[in-house]
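Open the model in a viewer and keep the selection tool at hand. The stops below say what to select and what is there.

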Amino acid sequence: MNGNLCAELSTTHRLRKPQFVLKSKNMKEKTLRQAQGEKPDHRKLGEQLDLFSFHDVSPGAVFWHPKGMVIYKELEKLIREENEKMGYGEVSTPILVKKELWEKSGHWEKFKDNMFQFQIGNEAQGLKPMNCPEAHLIFASRIRSYQDLPLRLAEPTGRLHRKEVSGSVGGLFRLYQFTQDDAHIYCSPEQIEKEISSLLKLALKIHKMFGFKSFFRLATKPDEALGSPRLWEKAEEALKTALKKSKVKYELREKDGTFYGPKIDVNVTDSLEREWTIATVQIDFQVPERFALEYVDKDGSRKRPVVIHRAMLGSFERFIGILLEHLNGALPLWLSPEQIWIIPIASRNNKYAEKVAAECNEAGFRYIVKDENETVAKKIREGEVQKIPYLLVVGDKEEKAKKVSVRQRGKGNLGQMKFDKFLQKVKREYDERG
Ligand SMILES: [Zn+2]
């Protein structure tokens, strides 16, 4: 794969093999255990938790089951909420596009072998390997003024297709079809720093939310580069200032930027001490030239904007795979497909269990009443295997006192609690995306 066309190509969707870093004796032991087969595998977890499956009839593609879609949709919701707060407009662009656009963007020349192509009548067309060129068409569809900038266009639902080497696809890490939380920002050089600062803030917030440790890498101008040296200098300075203002440590990678602009990779370390590039922020001086993008400045002159490509999670599919292994399937409450199981002790408690369920439903939680004819101990065990965040056991005592006996995943038995109090607790946890 040629990685010189866009941020997504160069890093975000780079499908790295896990890098194991031995940091201590404990880590060596941990890694040894992993080598002996204890390492969480998202494919096994996906099957155990009934999240997704793969089928030979569609290699390199995921069949999402209802429970898997809950995770997917919650992540999409998170990204949409954050995009809205930051003033993005959401767009949606076609999947099948004529060759002439890919020629204009440079993909046909450099990335053709990784594209799925079709001959439709006399027309060669290709499935989009990234969203950028079509976002640029939207930017260029109207006369833009300096007052429109920064213009932020997000396409979090754009299905992308890339032809990986046959036989190398597998699991959620190597796919032909995937979706990125992709967005493009069109701004003036003076606006770069502010935009980058808010992107770094967002990346830190999101990665912290999942318990990842983030670290940053700034890649600067290579020897052969497009764009004026002054623009490069200005952009690099803006990136450095944004990194400093965000109070994050970063590694400087001199001359490691792509030929079309400097970039910041936000890498994370997961619970298995593996390093992943998840978020990318890439400045692009080349594409405004290729697409003749311009805006009318205050003095009436026409100027080229700068394009920032960004993704915070990378591909949703790959991110879910990383997350499942990072957490060994124990997703936080807000991402859990089933959040609460209600377990009546005897069939005479079923009515009370249904009442508790109705209130869980009213409060917007995903729940199951486990009233099948099995022992409570067996249901609790099953709930633990299914990594359910909360198991509520209800019997005569609970019913009489309008209480529930709460078992929290990872914390064990919390004892009896007024049901209202329990609901308040989980609502708070859900709202904080804890
Ligand atoms: Zn892009």
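Start with what covers the buried residues of helix 9 (buried: under 20% relative accessible area, exposed over 50%, partly exposed in between, with a 1.4 Å probe and protein chains only): select helix 8, strand 11, strand 12 (250-253), strand 13 (263-269) and strand 14 (275-284), which are among the elements in contact there. Contact means heavy atoms within 4.5 Å. Helices (H or I, at least four residues) and strands (E, at least two) are DSSP runs numbered from the N terminus. This is a predicted model, where local features need pLDDT of at least 70 and side-chain atom pairs 80 or more, while totals for chains, interfaces and linings use all residues. Residues are numbered from 1 along each chain as its sequence is written, and side-chain values use heavy atoms, without hydrogens and water.

Now select helix 9 itself, residues 229-245. Its buried residues are Trp-232, Ala-235, Glu-236, Ala-238, Leu-239, Ala-242 and Leu-243. Seen down the helix axis, they fall within an arc of 155° (taken from the directions from the axis to the C-beta atoms), so they line one face of helix 9. On the other side, Pro-229, Arg-230, Glu-233, Lys-244 and Lys-245 are exposed. After helix 9 comes Lys-247, with a positive phi near 55°.

Next, select two charges over rings (NZ of Lys or CZ of Arg within 6 Å of the ring centre and within 35 degrees of the ring normal). The charged end of Arg-310 is over Tyr-88, 4.8 Å from the ring centre. Lys-370 lies over the face of Trp-341, at 4.3 Å from the ring centre.

Finally, select Phe-210 and Trp-334, both buried.

Technical notes:
The expected span of a helix is 1.5 Å times one less than its number of residues.
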